Structure formats: C-alpha cells, structure tokens
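Thank you for making time this morning. I would like to walk you through one model, so please keep the sequence and the structure in view while I talk.

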Amino acid sequence: MTHDPATPPASEVSDVNQRFYDQLWADSRLVRPERFNTWDLVSGLAQSHDRRLEVGPGMRPRLPVENTHFVDISPPALDTLAAEGGITHTAPVSELPHADDSFGLVSALDIIEHVEDDEAALAEISRVAEPGAQVLLSTPLHPEYWTPFDDIVGHYRRYEPDHLMDLLDRHGLEVEQSAIFGMKPRSSQLNDLGMWFLERRRPVAMKVYNRFLMPLGLRLQKPLKLHSGMVATDGVEEVFLVCRQR
C-alpha cells in the first residue's frame with residue numbers, strides 16, 4: 001500500500017535509489033554483520049545453511065560475507081563484498097540471477113519498500129528459496145508515519161500490517177517470528193536536523209552519517225527481541241520478520 005495516491009513515477013524513485021545509495025556506499029566502510037543486533041540469530045542460521053543469499057545489502061550485510069551470494073545494484077557495495085569473499089551479482093530484486101530453490105537462507109532487509117512491484121520482488125525471493133527455507137525480511141509500517149525521509153531514501157510505500165501479511169501469504173511465506181526493528185534516532189529534533197542536511201548539504205550529511213551517526217547507532221542498538229508470529233504493530237515504525245518458505 002502506497003503512502004499517497006500521488007505516488008511518484010517508477011523511474012523517478014528508481015533514480016533516487018540508485019543515486020542515494022551509490023553516493024552513500026562510495027563514502028562508506030563495510031560494517032561487518034557481527035556488529036548488528038541480528039547477528040545472534042543469523043550466525044546460528046548460517047551454520048545450518050551453506051547456500052545463502054542476501055539481497056540489497058549495500059555496505060551493511062547481515063549474513064556472513066564469505067561464500068554468501070549477494071545481489072545489489074550498487075557497484076561500490078558489490079566491489080567491497082567481493083573483496084571480502086562474497087559471491088556478487090548485479091541485478092534488481094525482481095530479476096534474481098539464480099535457479100529455483102537455490103538457497104536455504106535468504107535475507108532481504110529494507111528492500112521491498114524500495115521497489116515499485118513488490119509482488120514481483122517477493123515472487124523472486126520466494127522462487128529462489130528452497131521449500132522450508134528461512135527468509136529474513138524487514139520493512140517500514142503504517143503509511144501515516146510517512147515523512148520526507150521516506151522520499152529521500154527512495155521508498156515507494158509503508159505497509160499496513162494486514163496488507164503485508166496478505167502479501168507474504170500470497171508468496172508462500174509464513175511469519176514464524178518477528179521483532180520491532182530499525183536504528184532511527186528517537187529524537188525528533190535530531191531527525192529534523194538530519195533531514196535538513198540531507199536536503200541541502202547531502203555530501204556533508206553522508207559523511208556525518210557514515211563516520212559518526214552509524215557507529216553511534218551500532219553502539220546504542222538494543223538486543224533483537226523476537227516474538228512468536230507477528231509482533232503487535234501499533235506504534236511500530238519498522239518490523240523484522242523471520243519467515244519460512246512453504
């Protein structure tokens with residue numbers, strides 16, 4: 001579900017995504033997956049699945065880098081991941097360059113809200129996941145929480161929770177666990193300041209984010225608190241999902 005009937009043209013949002021993330025990753029260092037609050041979960045899953053895929057990781061992969069397949073549209077990110085032992089492919093999520101049933105573990109965090117055709121994106125994710133595979137997803141919720149930040153980073157939508165669950169069900173994905181997610185600062189003043197710099201001094205904002213705000217956010221992360229099924233979503237801006245491919 002889109003945030004507004006006047007959703008911008010697909011080409012416009014796609015261009016925003018490409019420019020924003022190429023610029024972000026070009027001035028960014030790789031943040032290793034061990035530093036994220038998803039690692040306790042992911043490290044255990046990775047030990048059970050040697051055929052792994054992460055879609056759209058940028059410079060913030062959550063799966064172990066070595067011997068994991070990575071698909072992204074950003075050359076700076078793919079070059080770095082390849083140098084660290086990742087198996088990289090340049091492609092959009094709607095055209096994954098892999099055979100059916102290729103992977104036992106698939107991660108696509110903060111991806112489906114960035115593509116116009118989320119049905120096609122989830123169809124591809126589901127296609128390459130083998131029966132019984134575990135699929136990790138995250139996405140923002142509630143269209144009424146839309147802010148200019150969503151425009152700047154290239155979001156097409158925020159999801160109504162019921163719509164998201166129906167979408168997953170159509171593509172054979174059952175939510176086994178979920179958690180409140182995201183690293184957005186709680187301070188509205190800090191968010192407003194960040195927005196001002198992104199809109200008017202983007203190169204400066206990118207450097208400040210990569211060199212100061214991202215490391216601070218990593219230090220202030222709370223443990224990932226997983227719940228059985230879908231977590232209560234009232235007031236939740238972003239959700240993390242552990243799904244099972246039927």
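Before anything else, a word on what I call a helix: helices here are DSSP runs of H or I with at least four residues, numbered from the N terminus. In that sense glutamate 124 and arginine 127 both belong to helix H4, where they sit three residues apart, about one turn of the helix. I should also say at once that this is a predicted model, and I will come back to that pair after we have looked at the sheet.

The sheet is open and has eight strands, in the order S3-S2-S1-S4-S5-S8-S6-S7, with mixed pairing. Its edge strands are S3, residues 87-90, and S7, residues 227-228, each of which pairs on one side only. Helix H3, residues 75-83, packs on this sheet and touches strands S2 and S3, and its direction makes about 160° with that of S3.

Let me move inward to S5, which covers residues 129-140. On one side, S4, residues 103-109, pairs with S5 in the parallel sense over six bridges, and within that pairing leucine 109 stands opposite serine 138. The connection between these two strands involves helix H4, residues 118-128, and together S4, H4 and S5 make a right-handed β-α-β unit. With S8, residues 238-245, S5 runs antiparallel and is joined by seven bridges, and here valine 135 stands opposite cysteine 243.

How many of the 12 residues of S5 are buried? The count is 10, so the strand is largely enclosed by the rest of the structure. Leucine 136 is a good example to select on your screens, because at a relative accessible area of 2% it falls under the 20% that I use for buried. Leaving aside neighbours within four places in sequence, leucine 136 is in contact with a list of residues that includes Leu41, Leu63, Leu105, Leu109 and Phe240. The C-alpha atoms of leucine 136 and cysteine 243 are separated by 6.1 Å, although the two residues are 107 apart along the chain.

Phe240 also appears in a second set of contacts, those of threonine 38, which, with the same kind of neighbours left aside, touches Arg62, Phe181, Leu224 and Phe240. Threonine 38 lies in the loop between helix H1 and helix H2, and at 1% relative accessibility it counts as buried.

That brings me to the charged pairs. Side chains of opposite charge can pair when their charged atoms come close. A search of the whole structure finds 11 salt bridges, and I will pick out a few of them.

In the H4 pair, the side chains of glutamate 124 and arginine 127 meet at 2.7 Å, N to O; glutamate 124 is buried at 13%, whereas arginine 127 counts as partly exposed at 23%. Arginine 158 and aspartate 150 form another salt bridge, at 3.2 Å, N to O, and here arginine 158 is buried at 6% and aspartate 150 is buried at 0%.

Which parts of the chain does the salt bridge between glutamate 176 and arginine 244 link? Glutamate 176 is in strand S6 and arginine 244 in strand S8, distant parts of the chain that lie 68 residues apart. Both count as partly exposed, glutamate 176 at 31% and arginine 244 at 27%. Finally, Arg32, Glu34 and Glu84 are linked in a network of salt bridges.

How values were computed. Residues are numbered from 1 along each chain as its sequence is written. This is a predicted model: local features need pLDDT of at least 70, side-chain atom pairs count only at pLDDT 80 or more; totals for chains, interfaces and linings use all residues. Side-chain values use heavy atoms; hydrogens and water are left out. Buried means under 20% relative accessible area, exposed over 50%, partly exposed in between (1.4 Å probe, protein chains only). Contact means heavy atoms within 4.5 Å. Two strands pair if DSSP finds at least two bridges between them. A crossover is right-handed if, with the strands pointing away from the viewer, the path from the first strand over the helix to the second runs clockwise. Axes are lines fitted to C-alpha atoms, for helices over the stretch in contact, and angles run from 0 to 180 degrees between N-to-C directions. A salt bridge is a side-chain nitrogen of Lys or Arg within 4 Å of a carboxyl oxygen of Asp or Glu.
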